[in-house]
Structures are given as structure tokens and as C-alpha cells.
Amino acid sequence: MSELRADWAVIGGSGLDQLPDAEIIARVVDPTPYGATSDDILLLRLAGRTVAFLPRHGRGHRLAPHEINYRANLWALSQLGVRNVFSVNAVGGLTPTLSSGKLAVPDQLIDYTWGREHTFNQRLEGMVQHIDFTYPYSSSLRRLLLKALVQLDVPHDDAGVYACTQGPRLETAAEVRRLIRDGGTMVGMTAMPEAALARELGMDYAALCLCVNRAAGLDATPLSLPDIYGILRSGMAIVREVLLEALRTAGEHQRQNQQKAQELSKLLP
Ligand code: HPA
């Protein structure tokens with residue numbers, strides 16, 4: 001196992017398989033007990049800190065959402081010391097406010113995936129451990145993303161329900177109507193089991209989602225894959241800026257958390 005460490009990680013989604021302007025400190029290729037990660041993990045110098053970067057689909061987008069080894073990815077990041085994860089996901093919009101090109105920071109999710117390795121099945125003293133997943137996304141990391149979006153004046157939805165489907169096909173119009181009835185506000189294929197695995201490993205995790213299309217059947221015009229790729233390209237440039245800004249203020253966030261913990265410990269007998 002590498003001696004190299006990082007406190008923060010970015011898991012890049014479709015359209016974000018590299019962060020080109022960052023200095024590469026190291027390339028980490030560590031096998032895990034769960035198999036291989038989607039690609040090598042790059043340790044980058046970003047916004048004054050070391051950040052682990054892992055493209056979820058592999059460089060060149062080789063892996064479909066159901067083929068991703070989410071357990072290996074999260075495990076490898078945790079072995080590097082990662083405690084905080086920003087996840088980037090491309091999504092389809094389910095609400096009138098979430099139009100193509102807009103960003104969103106979900107606060108909830110619904111899992112419709114099946115057949116994915118979805119747990120480390122941690123056992124404490126032989127007993128199955130159940131994690132609390134009431135609030136799947138970290139409120140402090142979400143605040144960092146929202147602050148960065150406001151700071152950069154980027155239009156966004158400041159909350160939302162991520163409906164995670166199995167893919168790799170897009171949904172039928174009837175499925176989309178059902179997701180909306182269920183309370184979904186965006187639909188994607190990669191939030192789960194990633195978010196739950198991060199929670200099992202005790203990591204803070206939040207997602208920055210880029211809407212690349214209105215979900216199937218919501219617009220009169222049919223879905224256009226060239227349009228989706230175009231929005232991915234332009235939107236991910238903004239996503240990179242937002243991540244950099246959030247990472248810049250992350251130090252402050254960490255200092256405040258440490259200070260709060262110290263003050264709390266002084267109050268304790
Ligand atoms: N459905 C599912 N996943 C997606 C979509 C969609 O419409 N757009 C981007 N990822």
C-alpha cells in the first residue's frame with residue numbers, strides 16, 4: 001500500500017475523466033480485496049491541497065454504470081486516507097427547474113438499481129452492521145459546494161432527489177412519470193451504491209450533478225445524444241471551476257470542524 005495520502009477525493013463522472021490543469025504528484029495503482037478500481041487513482045495538487053482523483057467510468061469512458069466496481073473504488077480511496085468525497089454525476093432533469101446545462105446538489109436519493117455489489121457487509125463482533133442512511137449526502141460538504149456555486153454565480157438547484165436507475169439504457173417515458181410520482185427531481189445511474197459504500201466507510205460524501213438532458217418523454221423533441229455530449233463538454237468546464245472553489249474553502253471548513261471539536265472537548269468533563 002502506498003505511503004501517499006489524501007484527505008479529499010473527487011470521483012469524476014461522464015465527461016470528467018481528468019482534471020487537466022492540476023499537477024500530478026503520483027499515480028496510485030493498488031489492488032483491493034474487492035478487485036481493480038475503475039482506473040489508476042491520481043494524486044493531484046489542487047487548490048493548495050492533495051486531492052485523489054478517480055474517473056468512475058475509467059479514462060475514455062470504458063465502464064457502463066453497472067460494470068463499475070464501486071466497492072474497489074471506495075475501498076482504494078479510503079486506504080489513501082480519504083475522508084471527504086466530491087462525486088460528479090451527469091443526470092437527466094425531472095423537474096421544470098432542472099434544465100439542460102444546469103447544476104444541482106442533491107440532498108436525497110432513491111435507489112432503483114439491482115444486482116450491483118452494494119455493501120462491504122461489515123460485521124461487528126459477528127453481527128451485521130446497519131448504517132444510518134436517512135440523509136445520504138453530507139450536509140457540510142453540500143454547504144461547501146453550494147457556497148462555491150453562489151460565489152461563482154452559477155445557476156443551480158440547491159437540493160433535489162436523485163433517482164438512481166440501473167441503465168445503461170435511458171428510461172421509458174412511463175418510467176420517468178413513475179420517478180416523478182416517487183418524488184425524484186433528477187435521474188442518473190451512478191449515485192448508488194457509491195453513496196452508501198462511502199457511508200459504510202465513514203466518509204463524508206456529496207454530489208455535484210450536471211443536468212445534460214430533460215428526462216425521456218418530458219420534451220416534445222426526442223433525446224439527442226450529440227446534444228448531450230455537447231452539454232457534457234461545456235458543463236464539465238464549469239463543474240471543474242466549482243470543485244476548485246469548493247476545495248479552496250475546504251481548508252477553512254476543516255479548521256472550523258477541528259476548532260469546534262476542540263471547544264466541545266473542553267466542555268466535556
Ligand atoms: N437518465 C439516466 N441517466 C442519465 C440521464 C437520464 O436521462 N441523463 C444523464 N444520465
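In this predicted model, the shell around the ligand is made up of Ala 90, Val 91, Gly 92, Leu 170, Glu 171, Val 187, Gly 188, Met 189, Val 212 and Asn 213. By class, the shell residues comprise six nonpolar, three polar and one charged. Strand 5 (84–93), strand 12 (186–188) and strand 13 (204–214) each contribute at least two residues to this shell. Strand 5 provides the largest share, three residues.

**Polar pairs with the ligand**

Three residues of the shell have an N or O atom paired with a nitrogen atom of the ligand, as tabulated here.

| Residue | Protein atom | Ligand atom | Distance |
|---|---|---|---|
| Ala 90 | backbone N or O | nitrogen | 3.4 Å |
| Gly 92 | backbone N or O | nitrogen | 3.3 Å |
| Asn 213 | side-chain N or O | nitrogen | 2.6 Å |

Ala 90 and Gly 92 thus take part through backbone atoms, whereas Asn 213 uses its side chain. On its own the ligand has 260 Å² of accessible area, and the protein covers 91% of that area.

**The pocket**

The site of the ligand is the largest pocket. The space in this pocket amounts to about 670 Å³. Its lining consists of 30 residues, and those closest to the pocket centre are Ser 14, His 61, Ala 90, Ile 228 and Leu 232. Ala 90 also belongs to the shell around the ligand, and its backbone supplies the N or O atom of the 3.4 Å pair.

Four elements give two or more residues to the lining: strand 5, strand 12, strand 13 and helix 5 (225–267). In the lining of the pocket, the largest share comes from helix 5, with seven residues. In the shell around the ligand, by contrast, the largest share comes from strand 5. Sorted by class, the lining has 15 nonpolar, 11 polar and four charged residues.

**Backbone features in loops**

His 61, already named among the residues closest to the pocket centre, has a positive phi of about 55° although it is not a glycine. This residue is located in the loop between strand 4 (49–55) and helix 1 (70–79).

The model also contains cis peptide bonds that lead into proline. One runs from Gly 167 to Pro 168, with omega near 0°. Pro 168 is found in the loop that links strand 11 (161–164) and helix 3 (173–182). Another cis bond joins Met 192 to Pro 193, and here omega is near 10°. Pro 193 belongs to the loop between strand 12 and helix 4 (194–200). Strand 12, which comes before that loop, is one of the strands that supply at least two residues of the ligand shell, and it is also among the elements giving two or more residues to the pocket lining.

How values were computed:
Residues are numbered from 1 along each chain as its sequence is written. This is a predicted model: local features need pLDDT of at least 70, side-chain atom pairs count only at pLDDT 80 or more; totals for chains, interfaces and linings use all residues. Side-chain values use heavy atoms; hydrogens and water are left out. A residue is near a molecule or strand if one of its heavy atoms lies within 4 Å of it. A polar contact is a pair of N or O atoms within 3.5 Å; within protein, one must be able to donate a hydrogen and the other to accept it, and residues adjacent in sequence count only if both atoms are side-chain atoms. Accessible areas come from the Shrake-Rupley method with a 1.4 Å probe; for residues, only the protein chains shown count as cover. On a 1 Å grid over the protein atoms alone, a cavity is a set of points where a 1.4 Å probe fits but cannot get out, and a pocket is an open set with protein on both sides within 12 Å along at least five of seven lines; lining residues have an atom within 4 Å of a point. A molecule sits in a cavity or pocket if more than half of its atoms lie within 2 Å of its grid points. Ala, Val, Leu, Ile, Met, Phe, Trp, Tyr, Cys and Pro count as nonpolar, Asp, Glu, Lys and Arg as charged, and the others, Gly among them, as polar. Grid points are joined across faces, edges and corners, and a volume is the space filled by probe spheres set on the points.
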